[in-house]
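Let's take a quick tour of the structure below. Keep the 3D view open and find each spot as we get to it.

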Amino acid sequence: MGSIWLGKCVVICAIAANQAEAKEHLVHSQADFAHAVRQLQPGDIVTLADGEWRDFRILFQGHGAPGKPIVLRAQTKGRVFITGDSNLRLAGEYLLVSGLVFRDGHSPTGDVIAFRASANAPASHSRLTEVVIDRFNPPDRRKEDRWISFYGQENRVDHSHFEGKNNAGVTLAVIRETGQPPDDRHRIDHNYFGPRPPLGANGGETIRIGTSEQSLSDSHSIVEDNYFDRCDGEVEIISVKSGGNIIRNNVIHESQGSIVLRHGNGNLVERNIFFGNGKPHTGGIRIINARQIVRGNYMEGLAGTDFASAIAVMNGVPNSPINRYHQVQDALIEGNSLIDVARITLGAGADAERSAPPLRSRFERNLLIGRAGEVDLRVETDIAGIGFAGNIQSAASVSRLTNGIDQRSIQLARASNGLLYPVDPAIGAVGAPRDLKPIARADSGVAWYPKPAATKPAFGTGATIELAPSGDALRQAVARAKGGDTIRLSPGRYNVDAPVTIDRAITIAGPGPAAPAMLTFARSSLFQIAEGGQLRLEGLTISGVHAPAAPGNVVIRGGMSPMASSYTVEIENVRFVNLDGAPGFDVIATTPSAFADHIAIRSSRFENVSGSVVAARGDGDGHYGVEQVDIAASIFRKVGQVAELSRGGRDESSFGPRFSLRDSDIVESGLAAGASVRLSGVQIADIGGNRFTDSAPIDVTHSVGTPGTRIAGNIFRHTPMPAVKELYFRGPPRAALAGNVAEGAN
Ligand code: CA
C-alpha cells in the first residue's frame with residue numbers, strides 16, 4: 001500500500017515540478033537558442049525574436065509531454081524570417097513549431113524541415129503549424145531536396161503555406177524506412193500548397209507517402225482539407241505509395257496531374273473537389289492496386305486524358321514487381337460527380353506488359369457529364385471485372401457502355417456550396433454528396449502571409465523606356481529597367497559588345513521592318529537568361545554578322561549557369577539573319593539546368609541559321625529543357641533545324657515537352673542535319689498547315705507513355721514525308737498523319 005502511494009507521489013510531484021518550471025526563453029541569437037534548447041522541459045517555450053535569422057541550422061530537440069509540448073515559435077507570426085543556408089530538424093517528442101517563414105535561401109542538406117535529427121533520432125507526436133516556406137530553392141534546379149520530410153510517428157503539418165518549389169524533389173514526403181514501425185499515422189491538413197511549375201522530370205510531386213519498397217504496409221496517414229493551387233510539378237500531385245491512407249476534403253485547383261494510388265492497398269480517396277477550369281492536363285484520380293475506395297469526389301472542368309483522366313483505372317502487370325503496377329482488385333468507385341471532364345479511362349496503360357485487367361471492382365452511382373455534354377469513356381481492356389450499376393451519363397454520350405449507365409438529359413444547377421448538382425430530384429442520389437464544403441483558398445494555409453497572384457510573365461506591365469542607338473545603350477538600358485518594363489528602340493543599328501543579362505521580365509521592341517532597329521553582337525551570345533529572367537522581343541532585326549567565327553554561338557542562351565526558376569521567351573515579328581558565320585549557331589538554346597516553361601515564336605523570319613532556331617536537348621536522365629514550344633506563321637529559310645527537342649529516359653512522369661509548328665514556311669532547311677524538325681520523347685506535337693520546300697523531313701521518335709503526335713494538312717514539296725519511329729511501343733507508329741500532300745520529287 002505504502003509503496004503504491006509513494007509511486008503516485010513521484011508522478012504527481014514530477015508534474016507539479018514541471019509546471020512550476022515551465023518558462024519562456026526569448027532568444028536573440030543562435031548562441032542563445034542553442035543554450036536555451038539544452039534545458040527544455042515540457043511546456044517550455046523558445047521564442048525567436050522578430051527579424052532575420054540568416055544561415056541558421058536549427059536543431060530543435062526535446063521531450064515534451066501530451067498536452068504540454070515544448071514550443072518553438074516566432075515572437076510575432078510572420079515576422080521571423082529564416083534565410084540563407086538554413087534548415088530545421090526536430091528530434092524527440094511532443095514538439096510544436098509555429099510562425100516561422102523560410103525564404104531568401106535554401107537548405108544546405110536534403111530537407112528544409114525534417115522530423116528527425118539523424119537516422120537514430122526521429123521526432124514523434126510533433127507538429128508544425130503556421131509555417132511558411134516560400135521559394136526556398138537551391139540555385140540549381142536540378143539539385144534535389146524536400147521541403148518537409150516526415151519521419152517518426154503521429155506528426156502533423158497543418159495551416160502552413162508552401163509556395164514556389166522549382167527544383168527537383170517532392171515538396172512534402174512521408175519517409176518510411178525499413179525497420180521503422182510501419183504505422184506512421186501522420187496528418188497533413190489545412191495547408192496551402194501554392195504554385196509549383198512543371199519540373200521537366202520525375203520528382204515534382206507535391207506530396208508522396210512512402211516508396212514502392214515499403215508500399216505493402218499501411219501508413220495510415222491522412223491528407224485532408226488542403227488547398228492545392230496550380231501544383232503542376234509532374235503527373236502525380238499526390239503520390240500514394242503505401243496502404244491505409246485517407247485523402248479527403250481537399251481542393252485541387254487548376255493543377256496538372258492527378259491523385260495517384262501508385263502503390264499500396266486499401267486507401268480511401270473521398271470528398272475531394274477538383275476544379276480544372278479546362279487547363280490542359282488537369283487530372284483526377286488514378287487507381288492501381290487492391291481495395292481502393294474512390295467515393296464522393298467532385299470533379300469539374302478537368303481536361304486531362306489517358307493517365308490524367310478524371311478517373312483512370314489502370315491495367316496491372318501479372319505478378320508485378322513491387323515497383324511496377326499491381327492489378328486493380330476490389331476497387332469501389334462510387335458516388336462521384338464528373339462534370340465537364342474530357343476523359344474517363346478504364347484499363348489505362350494496357351499494353352503487352354500491363355495486361356492484367358481490373359478484377360471484382362464496382363463503378364456505381366457516378367454522375368458522368370463530358371465536355372460539351374459528351375462523355376468520352378475509353379475502355380482499353382477487358383472490363384468484365386468491373387460491375388456497373390446506377391450510373392447516369394449525359395444524353396449526348398456515345399459510350400458503348402450501356403449496362404449500368406443510364407443515359408438521359410441532365411439539367412444542373414449550382415448549389416450554395418458552389419458545386420453543380422442535378423435539378424431532377426429523381427437522380428439526386430447519383431454523384432457527389434450535397435454536403436461537400438470546398439475549403440476556400442483564402443481560408444487555407446496561414447492568414448498572415450499573402451497568397452500568390454497569377455504566374456504569367458509580366459511583359460508590358462511596367463514603364464516604356466525610349467532608346468536611340470549609341471554605344472552600349474541597350475545593355476545599360478536593360479540593366480536599369482525594372483521587371484515589366486519595355487525598352488523601345490528607335491530605328492538604327494545597335495552594336496552590343498558584351499552579352500546582355502536578362503534577370504527580370506524585359507520587353508525589347510523595335511519599330512518594325514519598315515524602319516528597322518538592327519541588333520548585332522560581338523560575343524558568343526546576345527542575351528543570357530539568368531535567374532528571374534523573361535524575355536520578349538518584337539519588331540526587331542537581329543544579325544549574327546559580327547559574332548565570333550567559332551562554333552556554338554547563340555542569340556538567346558539559357559543555362560550558362562544553373563537556375564532555380566523556369567523562364568519564358570516570346571518572339572514576335574522579329575527577323576534573324578546571318579547566323580551562319582560558323583557551325584551550330586542557334587537562335588534559342590536551353591538546357592535542363594535552365595528550364596524554359598514556354599518558348600513562343602510568331603510572325604518571324606529566320607534566314608541563314610547554321611544551327612537550330614530552338615535547341616532544347618535533354619540529358620540521359622529524363623530531364624529536358626523546355627516544357628512547351630509554339631511556333632506559328634513564321635518563315636525559315638536555310639536554317640539548320642527549325643527545332644530540336646529531346647527527352648531521354650523511360651520515365652512517364654511529365655506532360656512535356658510539347659511542341660507545335662503551324663502555318664509556317666520552311667525552305668531549304670535541315671539538309672545537313674538530316675531533319676528539318678527533330679523531336680524525340682516529345683509528349684504532344686502538333687505540326688499542321690505548314691509548307692516544307694526543298695527541305696529534310698520531319699523526324700519524330702516516340703519513347704514511353706502515350707505520345708500524341710499529329711502531323712496534318714502540310715505540303716511537302718521536294719521534301720520527304722515525315723518519319724515517325726517508336727523506341728519501345730510494339731506496333732505501328734502512333735502518330736496521326738492526315739491530309740499531307742507531297743509535291744514534286746524528293
Ligand atoms: Ca512521380
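Start with alanine 633, which is partly exposed because its relative accessibility is 36%, a value that falls between the 20% limit for buried and the 50% limit for exposed. Bear in mind throughout that this is a predicted model. From alanine 633 we'll move on to some backbone oddities, a calcium site, the nonpolar cores and the cavities.

**Around alanine 633**

- To find alanine 633, look in the loop that runs between strand S60 (626-632) and strand S61 (635-646).
- Which residues does alanine 633 contact, leaving aside neighbours within four places in sequence? They are Ser603, Ser604, Arg662, Asp663 and Ser664.
- Phenylalanine 527 is 106 residues from alanine 633 along the chain, and 24 Å separates their C-alpha atoms.

**Backbone oddities**

- Glycine 656 and proline 657 are joined by a cis peptide bond, with omega at about -5 degrees.
- You'll find proline 657 in the loop between S61 and strand S62 (658-662).
- Lysine 638 isn't a glycine, yet its phi is positive, at about 55 degrees. This lysine 638 sits in strand S61, and it counts as partly exposed, with a relative accessible area of 42%.
- Arginine 185 is another residue other than glycine with a positive phi, here near 55 degrees. Look for arginine 185 in the loop between strand S18 (172-174) and strand S19 (187-189). With a relative accessible area of 42%, arginine 185 is partly exposed.

**The calcium site**

- Which protein atoms act as donors to the calcium ion? They come from Asn202 (OD1), Glu205 (OE), Glu234 (OE), Glu234 (OE) and Glu236 (OE), and they lie 2.3 to 2.6 Å from the ion. Yes, Glu234 is listed twice.
- Along the chain, the donors of the calcium ion are spaced as N-x2-E-x28-E-x1-E.
- Asparagine 202 lies in the loop between strand S20 (192-193) and strand S21 (207-209), while glutamate 236 is in strand S24 (residues 236-241), so this pair ties together parts that are 34 residues apart in sequence.
- Is asparagine 202 buried or exposed? Asparagine 202 is partly exposed, since its relative accessible area is 39%.
- Glutamate 236, on the other hand, is buried, because its relative accessible area is 6% and the limit is 20%.

**The nonpolar cores**

- Here's a handy background idea: in soluble globular proteins, nonpolar side chains tend to be buried together.
- The largest nonpolar core in this model has 79 residues, and Phe60 and Ile148 are the ones that touch the most other members.
- Apart from that core there's another one, made up of 69 residues, including Phe521, Met563, Val626 and Ile666.
- Now zoom in on isoleucine 148. If you skip residues up to four places away in sequence, isoleucine 148 touches Ile113, Phe115, Leu128, Ile133, Val157, Phe162, Thr171, Leu172 and Ala173.

**The cavities**

- How many cavities of 30 Å³ or more are there? The count comes to three.
- The largest cavity holds about 50 Å³ of space.
- Its lining is made up of Trp147, Phe162, Glu163, Gly164, Lys165, Thr171, Phe193, Gly194, Pro195, Arg196, Thr206 and Cys231.
- Sort the lining of the largest cavity by type and you get five nonpolar, four polar and three charged residues.
- Two names may ring a bell: Phe162 and Thr171 help line the largest cavity, and isoleucine 148 touches Phe162 and Thr171.

Key: Residues are numbered from 1 along each chain as its sequence is written. This is a predicted model: local features need pLDDT of at least 70, side-chain atom pairs count only at pLDDT 80 or more; totals for chains, interfaces and linings use all residues. Side-chain values use heavy atoms; hydrogens and water are left out. Donors are N, O and S atoms within 2.8 Å of the metal (3.2 Å for Na, K and Ca); water is not among the atoms, so sites may look incomplete. Helices (H or I, at least four residues) and strands (E, at least two) are DSSP runs, numbered from the N terminus. Buried means under 20% relative accessible area, exposed over 50%, partly exposed in between (1.4 Å probe, protein chains only). On a 1 Å grid over the protein atoms alone, a cavity is a set of points where a 1.4 Å probe fits but cannot get out, and a pocket is an open set with protein on both sides within 12 Å along at least five of seven lines; lining residues have an atom within 4 Å of a point. Grid points are joined across faces, edges and corners, and a volume is the space filled by probe spheres set on the points. Ala, Val, Leu, Ile, Met, Phe, Trp, Tyr, Cys and Pro count as nonpolar, Asp, Glu, Lys and Arg as charged, and the others, Gly among them, as polar. A nonpolar core is a set of buried Ala, Val, Leu, Ile, Met, Phe, Trp, Tyr and Cys residues joined through side-chain atoms within 4.5 Å. Contact means heavy atoms within 4.5 Å.
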